[in-house]
Amino acid sequence: MTGLIYDIGVTTMAGTGRIFGLDDQLLFDLVFQGIAVFILFFFVGNLLINPIKKVIMERQEKIKNDVEDAARDRAEAAEMKAEYDEKIKNAEADVAKIMSDARTRAVKNESIIINEAKEEAGRIIENAEREARLEKLKVKDETRTEIISVAYAMAGKILDENIDTKKQEQLLEETLAEIGEDTWRSE
């Protein structure tokens with residue numbers, strides 16, 4: 001039977017004189033297949049190619065953003081390096097200023113300490129002089145007390161001996177000579 005269909009097909013084509021027989025069914029099949037291929041490409045494009053394009057574009061955008069971020073980071077790093085270099089220079093100047101200020105304060109503190117020491121020494125000397133005056137007054141008081149006791153003793157001797165005025169003056173002179181004239185005089 002296949003031979004029969006072949007013979008009919010060849011004779012039809014041979015009768016028309018065409019190599020390729022275009023009939024309505026073939027034309028309908030071709031249009032239908034063309035539409036099917038177009039729909040297939042449309043769906044494949046939407047389902048596969050467009051997502052792939054989208055992924056590729058997103059990747060390109062990400063790479064572009066990464067490159068921009070890297071360039072921005074590089075610029076920021078260069079700016080920060082410049083700032084840190086400036087801060088280091090300023091820090092060196094600050095250290096020199098701090099050292100200068102410390103030296104100035106040290107000299108100032110030194111003069112304050114020296115002045116305080118001089119004032120303290122003056123107070124100590126003043127206290128020592130005051131104590132010396134007090135001691136001198138105490139010695140004078142003791143000397144007066146001693147003179148009074150000597151005079152009392154002498155008065156007792158005078159009364160005991162009943163001596164005359166010449167003898168009393170002689171005893172007074174001797175007593176004063178023993179004590180010393182500077183002892184009982186107030187200065």
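## A pair one turn apart

Let's start with two residues in helix α2: R72 and D69 sit three positions apart there, or about one turn of the helix. Their side chains come together in a salt bridge, with an N to O distance of 2.1 Å. Bear in mind that this is a predicted model, so the distance is a property of the prediction.

How accessible are the two partners? R72 has a relative accessible area of 44%, which makes this arginine partly exposed. D69 is partly exposed too, at 31% relative accessibility.

## Other salt bridges in helix α2

The structure holds seven salt bridges, and two further examples are worth a look. The side chains of K81 and D85 meet at 3.6 Å, N to O. Both residues belong to helix α2, where four residues, about one turn, separate them. K81 counts as exposed, because its relative accessible area is 54% and the cut-off for that class is over 50%. Its partner D85 is partly exposed, at 34%.

D141 and R144 form another of these bridges, at 3.7 Å from N to O. Why are they about one helical turn apart? D141 and R144 are three residues apart in helix α2, so about one turn lies between them. D141 has a relative accessible area of 43% and is partly exposed; R144, at 41%, is partly exposed as well.

## The overall layout

Stepping back to the whole chain, you will find four helices and zero strands. Read from the N terminus, the order of elements is α-α-α-α. Helix α2, home to the pairs described above, covers residues 24-161.

How much of the chain is buried? Of its 187 residues, 5% count as buried. The accessible surface comes to about 16700 Å², and carbon and sulfur atoms account for 63% of that area.

## Where to trust the model

Across the chain, the pLDDT averages 81, and 81% of the residues score at least 70. Which helix has the highest confidence, and which the lowest? Helix α2 comes out highest, with a mean of 87, while helix α1 (residues 2-16) is lowest, with a mean of 49.

The start of the chain deserves a separate word. Over residues 1-12 the pLDDT is below 50, and this stretch makes zero contacts in the model beyond near neighbours in sequence.

How values were computed:
Residues are numbered from 1 along each chain as its sequence is written. This is a predicted model: local features need pLDDT of at least 70, side-chain atom pairs count only at pLDDT 80 or more; totals for chains, interfaces and linings use all residues. Side-chain values use heavy atoms; hydrogens and water are left out. pLDDT is the predictor's confidence in each residue, from 0 to 100. Contact means heavy atoms within 4.5 Å. Buried means under 20% relative accessible area, exposed over 50%, partly exposed in between (1.4 Å probe, protein chains only). Accessible areas come from the Shrake-Rupley method with a 1.4 Å probe; for residues, only the protein chains shown count as cover. A salt bridge is a side-chain nitrogen of Lys or Arg within 4 Å of a carboxyl oxygen of Asp or Glu.
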